[in-house]
Amino acid sequence: MGIKLYYTTVTASREVKSQQAEVMRILDSKSIQYELIDISVGGAVRDEMRNKSGNPTAIPPQIFNEDQYCGNYEMFSEAVEADTVKQFLKIA
């Protein structure tokens with residue numbers, strides 16, 4: 001599967017929870033399939049997300065197309081506003 005959404009099931013942050021939910025809702029509404037990768041299963045998964053995004057302090061949600069970094073919530077939100085989600089996700 002192409003689109004990978006790094007998220008967490010364990011967070012006290014309402015902001016992170018709402019951002020993750022919004023990304024999933026928008027992807028679902030556009031019928032874009034994606035794979036959920038839960039970073040709370042272990043530090044190695046969190047480290048992988050941070051390494052692949054090039055940001056040592058990255059927090060979910062982080063979005064990738066395979067191993068190609070697309071962006072974080074703010075970047076995704078801007079793409080939604082500009083109606084450029086497919087370009088943002090690097091899908092034809």
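Let me begin with Leu 27, which, once its neighbours within four places in sequence are left aside, is in contact with Ile 32, Tyr 34, Phe 76 and Leu 89. Please keep in mind throughout that what we are looking at is a predicted model.

Leu 27 also belongs to a bigger picture, since the largest nonpolar core has 17 residues, and Leu 27 is among those with the most contacts inside it, together with Val 23, Ile 63, Phe 76, Phe 88 and Leu 89. If you look for where this core comes from, you will find that strand S1, helix H1, which covers residues 14-29, and helices H3 and H4 each supply at least two of its residues, while the largest share, four residues, comes from H1. Apart from this core lies another one, of six residues, among them Tyr 6, Ile 37, Met 49 and Phe 64.

Let me turn now to the aromatic rings, of which the structure holds three pairs. In one of them, Tyr 6 and Phe 64 meet edge-to-face, with 5.2 Å from centre to centre and 70° between the planes. Why does this pair tie together parts that are 58 residues apart in sequence? Tyr 6 lies in strand S1, residues 3-7, whereas Phe 64 lies in strand S3, so the link runs between those two strands. Both Tyr 6 and Phe 64 are buried.

Another pair brings us back to the larger core, because Phe 76 lies in helix H3, residues 73-81, and Phe 88 in helix H4, residues 85-88, so that this pair ties together parts 12 residues apart in sequence. The arrangement of Phe 76 and Phe 88 is edge-to-face, at 5.8 Å centre to centre and with 65° between the planes, and Phe 76 is buried, as is Phe 88.

Returning to Phe 64, we see that Tyr 6, Phe 64 and Tyr 69 form one aromatic cluster, and that Lys 52 lies over the face of Phe 64, at 5.0 Å from the ring centre.

My last stop is Gln 62, which lies in strand S3, residues 62-65. Is Gln 62 buried or exposed? Its relative accessibility is 3%, and because buried means under 20%, Gln 62 counts as buried. A polar atom of the Gln 62 side chain lies 2.8 Å from the backbone oxygen of Ile 59. Not counting residues up to four places away in sequence, Gln 62 touches Lys 4, Leu 5, Tyr 6, Met 49, Ser 53, Tyr 69, Gly 71 and Asn 72.

Notes: Residues are numbered from 1 along each chain as its sequence is written. This is a predicted model: local features need pLDDT of at least 70, side-chain atom pairs count only at pLDDT 80 or more; totals for chains, interfaces and linings use all residues. Side-chain values use heavy atoms; hydrogens and water are left out. Buried means under 20% relative accessible area, exposed over 50%, partly exposed in between (1.4 Å probe, protein chains only). A polar contact is a pair of N or O atoms within 3.5 Å; within protein, one must be able to donate a hydrogen and the other to accept it, and residues adjacent in sequence count only if both atoms are side-chain atoms. Contact means heavy atoms within 4.5 Å. Rings of Phe, Tyr and Trp (its six-membered ring) pair if their centres lie within 6.5 Å; planes under 30 degrees apart count as stacked, over 60 as edge-to-face and the rest as tilted. A charge sits over a ring if NZ of Lys or CZ of Arg is within 6 Å of the ring centre and within 35 degrees of the ring normal. A nonpolar core is a set of buried Ala, Val, Leu, Ile, Met, Phe, Trp, Tyr and Cys residues joined through side-chain atoms within 4.5 Å.
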